[in-house]
Amino acid sequence: MENVCEGKDFNFPEQEEKILGLWKELDAFKTQLKLSEGKPEYIFYDGPPFATGLPHYGHILAGTIKDIVTRFQTTNGHHVIRRFGWDCHGLPVEFEINQKLNIKSRKDVLDMGIDVYNEECRAIVMRYSKEWESVVVRMGRWIDFENDYKTLDPQFMESVWWVFKQLYDKGLVYRGFKVMPYSIGCNTALSNFEAGLNYKEVSDPSIMVTFPLLEDVDRAAMVAWTTTPWTLPSNLALCVNPKFTYVKAQCKATGAVYIVAESLLSQLPTKKGKSEASNGSIAKSSDVSVKTNNNDGNKVADKNGNLKKEKTKDANSSSYNILSRMSGLDLAGKRYQPLFEYFLELSDVAFRVLSDEYVTDVSGTGVVHCAPAFGEDDYRVCLMAGIIDSNEDLPDPVDADGCFTEKVEDFKGLHVKDADKAIIAATKGRLVSAGSISHSYPFCWRSESPLIYKAVPSWFVAVEKIKDNLLKNNKLTYWVPDFVKDKRFHNWLENARDWAVSRTRFWGTPLPIWRSSDGKEIVVIGSVKELEDLSGHKVTDLHRHKIDHITIPSRRGPEFGVLKRVEDVFDCWFESGSMPYAYIHYPFENTELFEHNFPGDFVAEGLDQTRGWFYTLMVLSTALFDKPAFKNLICNGLVLAADGKKMSKKLRNYPPPMDVVSKYGADALRLYLINSPVVRAESLRFKEEGVFAVVKDVFLPWYNAYRFLVQNAGRLVIEGHKPFTPLSHKDLQNSDNVLDHWINSASQSLVRFVHEEMEAYRLYTVVPYLLKFVDNLTNIYVRFNRKRLKGRTGDMDCRIALSTLFYVLLTTCKAMAPFTPFFTETLYQNIRKLLGPTAERSIHFCSFPPVEGESDERIERSVTRMMTVIDLARNIRERRNKALKIPLMEMVVVHPDEEFLDDISGKLGEYVKEELNVRGLITCNNPLKYATLRAEPDFSLLGKRLGKAMGVVAKEVKSMTQDDILNFEKSGEVVVSGHHLSAGDIKVIRDFKHPDGVNKEDIDAAGDGDVLVVLDLRQDDTLMDVGTAREIVNRVQKLRKKAGLEPTDSVEIFFRTLGSKNDGQKNNTLERIFKMQASYIQEAIGSPIFEMDMLPSDAVVLASEHFDGVANGSFQISIARPSICIVDDKLGNLCNGNFDLVEGVKVYLQSRDFGALKEELSMFNDKLRVSLDGVPEVEVTHGQHFFLSLGDLKRHT
């Protein structure tokens, strides 16, 4: 393995760029696909984004989720085709062109020519495709861009036609009018999903107007309230609730008689004097000025259909006299005088009162004015009343651009939102009150213009017919998180309405409907060939400007003319919902692939797609095959700025994604995103420091464990040992080291956990588990086994520890490769050199590691408790101001579990004593010797379960005796006040009890409710010496680091004790400690230590420093490179007294690199032939004629 740099010098982004180069060299993605050919297919559907904008964190998040799942499934034995898709049609593209070409209306497009317009659209659909590919590739996502699919491809569009024809043949397609959200900025209807994307708080007019009843004895007028004055010219009816009580109320001030719901009488204004007549005539435009510029107005209130009540002074008995009461049903059928005269031709059927229970008394007057072209309920009740006919054009005076037509001659050409003030002024004698109201209102998500609701002729998919099947198929799917499926999506399906799939636009897949001029003959085309056969035209492109001219002869004969294509195109959601079939050109190609693997295995997108792509996928698959389109789904939430607001380029309230990647790497961003609430369909407040925390807490510790392996494997060669080769798993099973067994068991638990969680699509649980595992690997296994890994417990034990660490790192990398593709590849490319020539060239070609054997739950539990013991003991030291460098005589571990006590005193005991710097460890299984027991109920668990009984149970639990608690611990259950409680319901707390005869300052304890740790804090001279020796070691290690030395660098340490700080006299204590503790110091620092007088004159000193304040004295430490030690007499004899030869050999040996010389000696049995110019060749022997260092000389003598 190649040596690696320190963690602080490891540049994650730069290394990722190198890995991208490696993948390119290996053609890694295609190679992976080829290697997995023939394995079971795992079908992944990738929702197509628009390429007219740049990718943001939401795209990166969804892409990361998709990449992790598909990588895992590939390593888990599947063949996973991944093709990127592009949504190329629809409003986003047209809006861009409209802005570019300053197109304001539909007429502008027709004047330009649909062919020119569509080709302009085609030219920009892939505008940012290269930027998309760059970001996706840099994030480490493997997906096929070369073989991508585009919704504008003729093959894709042909499959969309096939889907539609299937629905038509099943009787699920019809033409009708529907009041829909309509974008006047984009001249098109929107889906309910799109209408909910962009709500804003606005102020709109709020007015009440009168509609005088004809032939009423009291000359009463119905009073209707509206926030959309621009709809009043289209009024055809009024609607009341048949179950409400209405009143005739006469205004005392004016004498006017109004009819309103009794519960809403207070909404009528209070009149102070006679200013208006009770009944007015039909409004005339000559009475008003139409020069307005008002952009307020709204047919719909907030997202829930509610409006805030207008602030008015309540009407009371002093303002109005109630003349009579009647039910809404009594009012039904009465006729009234219209407000405007534009639709008087409908007087025979219109201008009458209708009744329906959709009318509420939440606000207004309980009387709703109905303009059927601009309200869904208006349309419905007028249709039921016979005022309008579903087969005829509606009385709609508003054109596609949102302007009044010549039908409303007084406001002709005015934009509806600009006409409010003029229309209010035109109501003149009919206006009861005028004000404004603030409410939440939908705006077009693309053009930012306010939406109106407008009846448009559309082609519908009859979703309501298949609603039961939709709900049934939803139950067959698995969602993460499940509440999105069971609540949000279920509710959306339960309230599903027929889907208007046509749009009166230009750039999209044309509806394949050819219709005769009389509407009696319709042909729906399902393929290119069918169109060619019926029309006699060759077809190569299915866009409007390529096929609109094609006609089909009538089957009824030439006298009936030809069938022409209807002008509409598909809602682009219909195209994306057809993706499972269209992206592989089914059923024209790939029939076996599709039919053997449908439904697909996996989809993933954001929460907003419950009403978008997820919905359209489910509708079309249910309509076509009565199956869901997918089996498994991950739904992510929204990524917000750090302040909780929506990320905004204008506000610059978030760091650009690629800037974050350039600083911390793609792997860090990937882990940060999936280790957050956003993968559970919640919102994430993006914080850059969170990405840095992933680097610090996950990758650097993980890298340091890997670096420790590489360093110490290399050290073997430097020290002249046989190069490191991992031992077999069988050999490692014979290890008698408890932490070897523990880390192997823990790695198997990691593999099992990751596999189980990934099979359940719970990505968010993996990172916390990995974080804990990496922490255990570095802070327990590597930290506690440093001596073994550095070779200080023997060569074989070192190789066992290194081999264990090697396999654990390899297993971890394989398990985590789907999550962190770059970092795991970096580690693998180095450690695979130890696997031999058969090793896979990339970690992503490896299979997911199998679970080999059962985990050792006992040892994992014991090590966890060991760390608890260590943490508790550290807490005691900190509390009592006893630093770890101060050795303590003894500690006691109290716990009733004999197995744990055996482990902590036996296999784990030395680790505990060394880590805590204690000389002895005693165990005790009698909890009452050092503690008193008390019981506390777990309120968080029991509160909900017990309810009102919680108080009584809590009181009895707290009063349990010592014997009661011991019996409970033994049996694991107890009955309290008739309630059965188990181990998890009660916490047993061990409070420390000072033993008799020991001063309180000499002993202390800490516990966590499970384990109790007791520390003997008394000290003697021997302990003080050991503590000083540890401090000396600490100073030497700091000096090594200061000198820039690596742990594998061979050096020798020299010391000199200096005078006392006070009197300058030699410090005998330090002298004694250096000599008595020499073996400990040498073992701890891994280098031989000598008195300064033994420092060779030719030694290269790397660092030297004086240290004060240790054991009330000072000392000097020098660190030097090992120096060759020559045995002068024996070398002289070898050279027969030839002084020049002796000196030449000395110079030669001293000039050699220490590591290289050591390796050469190990290869040639400590013999070295020295050949110098002008002198005879000699063979010198290590250990006889020379020694490699002072320490080497000391070992041999």
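**Exercise 1. Determine how strands E18 and E21 are joined, and which residue faces Trp-514.**

Solution. Two bridges link E18, residues 513–515, to E21, residues 562–565. The two strands run antiparallel. Within this pair, Trp-514 stands opposite Arg-565 of E21. The model is predicted.

**Exercise 2. Place the strands in their sheet and find its edges.**

Solution. Start with the order: E19-E18-E21-E20. These four strands form an open sheet, and the pairing is antiparallel. Next, look at the edges. E19 (522–524) and E20 (551–553) each have a single partner strand, so one side of each lacks a neighbour in the sheet. Finally, take the turn between neighbouring strands. On average it is 25 degrees, direction ignored.

**Exercise 3. Identify what helices H8 and H15 contact on the sheet, and give their angles.**

Solution. Take H8 first. This helix spans residues 154–169 and lies across E18 and E19. Its direction makes about 130 degrees with E19. Now take H15, residues 528–535. H15 packs on the sheet and touches E18, E19 and E20. The angle between H15 and E20 is about 60 degrees.

**Exercise 4. Decide whether Leu-1190 is buried or exposed, then describe its surroundings.**

Solution. Locate the residue: Leu-1190 lies in helix H43, residues 1190–1196. Apply the cut-off: buried means under 20% relative accessible area. Leu-1190 has 9% relative accessibility, so it counts as buried. Then list contacts, leaving out residues up to four places away in sequence. Leu-1190 touches Glu-1052, Phe-1054, Phe-1090, Met-1094, Ser-1123 and Cys-1125. As a last step, consider Cys-1135, 55 residues from Leu-1190 along the chain. Their C-alpha atoms are separated by 23 Å.

Methods: Residues are numbered from 1 along each chain as its sequence is written. This is a predicted model: local features need pLDDT of at least 70, side-chain atom pairs count only at pLDDT 80 or more; totals for chains, interfaces and linings use all residues. Side-chain values use heavy atoms; hydrogens and water are left out. Two strands pair if DSSP finds at least two bridges between them. Axes are lines fitted to C-alpha atoms, for helices over the stretch in contact, and angles run from 0 to 180 degrees between N-to-C directions. Contact means heavy atoms within 4.5 Å. Buried means under 20% relative accessible area, exposed over 50%, partly exposed in between (1.4 Å probe, protein chains only).
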